[in-house]
Each structure stands twice: as structure tokens, then as C-alpha cells.
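Trainee: I would like to take a close look at a single part of this model, and then to see how that part sits within the rest of the chain.

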Amino acid sequence: MAISSSSAYHLVFCLLVTLLIPLPSHAADPDPLQDFCVADLNSTLSINGFPCKPLSQVTSEDFFFSGLAKEGDTNNLFGSIVTPGSVSFFPGVNTLGISTNRVDFAPGGVNVPHSHPLATETGVVIKGRLLVGFVSTSNVFYSKVLTPGQVFVIPRGLVHFQKNVGIGKAQTFTAFNSQNPGVNLLPRTLFASKPPIPNDVLTKAFQVEDYVVDSIKSKFAA
């Protein structure tokens, strides 16, 4: 059963605050040197992050984001959709070392195995039943089925996934200790990179025949 929207957003707020509590030495991003630095997404400068929008052009709207309010379209190969709230979509988080996502799941939908190389992730289940799991660098698999109000954490860089194991839709909000956590989706990274990884590398890695790799690649051709 879903929790009330007021309780859900309270949990999300607590989640975001928790990420801001750790000492600076544990932050994924550098400490800011001013109150804020709203990202200038149109700048042609190439730096580690985004340059600041001129203060004269900053408005209240830069610090508020409604992009996570609407349910995403899960009609795709995986039955899930991530709606990002990282700096590229929410410029106000630039240099603040925090961002958030919404993930919606159709029944049976999977947020496929992936990793965030630049940030630790924590999340709260808002609706449904989610199997959440990750694999450590010692190749140990940790997992649990979570219900609304329960929280998970994924250490930085580790491969993880979420799968809707309930009978209806599912939803979670996640937060990161980086304005840009980055993401490597394993299926697309391995089988849909441009240019493609050579087949002989993948056949050797997965111990399969060439036609198997071609078959998998064809599913991601679009």
C-alpha cells in the first residue's frame, strides 16, 4: 500500500538532508566557495562542472524544480524510467554536492544493473514492492525486498539494480552526494557503445558464441 504524499515528500526531504550531514572530507564533490553557483548550461566553457550564471540573471526559479512531480512513461524495454534531478536538469544544485532522481516502475519493471561512478546513492520507496540489490567489489550480492517508507543505500561505484516485484506500479526517490552522479547502464555500456566493443572481446568475456552477442546487440540497435 502506498504511503501518503505528505509522508512521502517528508521522507525525501529527510533523505536529502542526510546526504548533506557528512563531513566535507566524505563529500563526492568539492566544497562550494560561495552561497550558490547556479549552472550556466549554455556556457561554452569546458570545466569540471558548470560555470556560474551571472548573479544578475539568477532568479527564484533557479532554486525550485518541478520535474519530479509527474510519473514517468514506463512503456519501454525495461519497464522503468528514471526522471533525473541532476545539475543538467536542475541548475540550482550546481556546486552543492547533491542531486535527486525519481524512478517509476511498471509491474515487473527493472532499473537494470548500473553504477554511479561519481556518487553514493540512497533512496526511499514511495509505492510498491522493490527488490533492491548491489554487488560488492568482493563479488558478494546484497539484496532485500523493500516496501513504502523503507530506505536503501548503494555505495559509490557499485553495480546495483531495482526490480518491481509487486503486483502494481512502484516508485522510488533517490538522492546522491554529487550534483552529477554519472551512470553506466551495463546492458547499453557493453552492447550498445559507440563505436561498439569488438565481438571477440564480449564472446571471450561471457563465454558465448558470436551469434549470441549479435543477438543481444540487435535488441539495443535503436
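Does N139 count as buried or exposed?

Mentor: At 66% relative accessibility, N139 counts as exposed, where exposed means over 50% relative accessible area, buried means under 20%, and partly exposed lies in between (1.4 Å probe, protein chains only). Before going further, please keep in mind that this is a predicted model, in which local features need pLDDT of at least 70 and side-chain atom pairs count only at pLDDT 80 or more, while totals for chains, interfaces and linings use all residues. Residues are numbered from 1 along each chain as its sequence is written, and side-chain values use heavy atoms, with hydrogens and water left out.

N139 lies in the loop between β5 and β6 (141-146); helices (H or I, at least four residues) and strands (E, at least two) are DSSP runs numbered from the N terminus. The backbone of N139 deserves attention as well, since its phi is near 70°, a positive value in a residue other than glycine. Most residues other than glycine have a negative phi, and most peptide bonds are trans. T95, which is not a glycine either, also has a positive phi, of about 70°, and is placed in the loop between β1 and β2. A cis peptide bond runs from K194 to P195, with omega near -5°, and P195 belongs to the loop between α2 (186-191) and α3 (199-206).

To place these loops in the whole, the protein chain has four helices and 10 strands, which follow one another along the sequence as α-β-β-β-β-β-β-β-β-β-β-α-α-α. Of its 222 residues, 38% count as buried.

Strand β5, which comes before the loop of N139, also has a part in the interior. The largest nonpolar core (a set of buried Ala, Val, Leu, Ile, Met, Phe, Trp, Tyr and Cys residues joined through side-chain atoms within 4.5 Å) has 11 residues, namely V103, F105, V125, L130, V132, F134, L146, F152, I154, L158 and A170. At least two residues of this core are supplied by each of β2 (99-105), β5 (130-135) and β7 (151-154), and β5 gives the largest share, three residues. In soluble globular proteins, nonpolar side chains tend to be buried together. F176, a residue of strand β9 (170-176), is buried with a relative accessible area of 1%, and its C-alpha atom is separated by 9.1 Å from that of L118, 58 residues away along the chain.

Turning to charged side chains, a salt bridge is taken as a side-chain nitrogen of Lys or Arg within 4 Å of a carboxyl oxygen of Asp or Glu, and by this rule the count comes to three. Side chains of opposite charge can pair when their charged atoms come close. One of the bridges joins R102 and D104, with the closest N and O atoms 2.9 Å apart, and both of these residues are buried. In another, K53 pairs with D62 at 3.0 Å between the closest N and O atoms; here K53 is partly exposed at 21%, whereas D62 is buried at 11%. K169 and E71 form a bridge with closest N and O atoms 3.0 Å apart. Because K169 lies in the loop between β8 (159-164) and β9 and E71 in the loop between α1 and β1, this pair ties together parts that are 98 residues apart in sequence. K169 is partly exposed at 45%, and E71 is partly exposed at 35%.

The loop between α1 (5-20) and β1 (80-85) also holds L55, which is exposed with a relative accessible area of 64%. L55 joins F36, F63 and F64 in a nonpolar surface patch of about 420 Å². Patches are made of residues with over 30% relative accessible area and no salt bridge, like charges being joined within 9 Å and nonpolar side chains (Val, Leu, Ile, Met, Phe, Trp, Tyr) within 5 Å; accessible areas come from the Shrake-Rupley method with a 1.4 Å probe, and for residues only the protein chains shown count as cover. A negative patch is formed by D200, E209, D210 and D214, with Lys and Arg counted as positive, Asp and Glu as negative, and His and the chain ends not counted. The place of a charge is taken as NZ of Lys, CZ of Arg, CG of Asp or CD of Glu. Within this patch, D210 belongs to helix α4 (residues 210-219) and is partly exposed at 38%.
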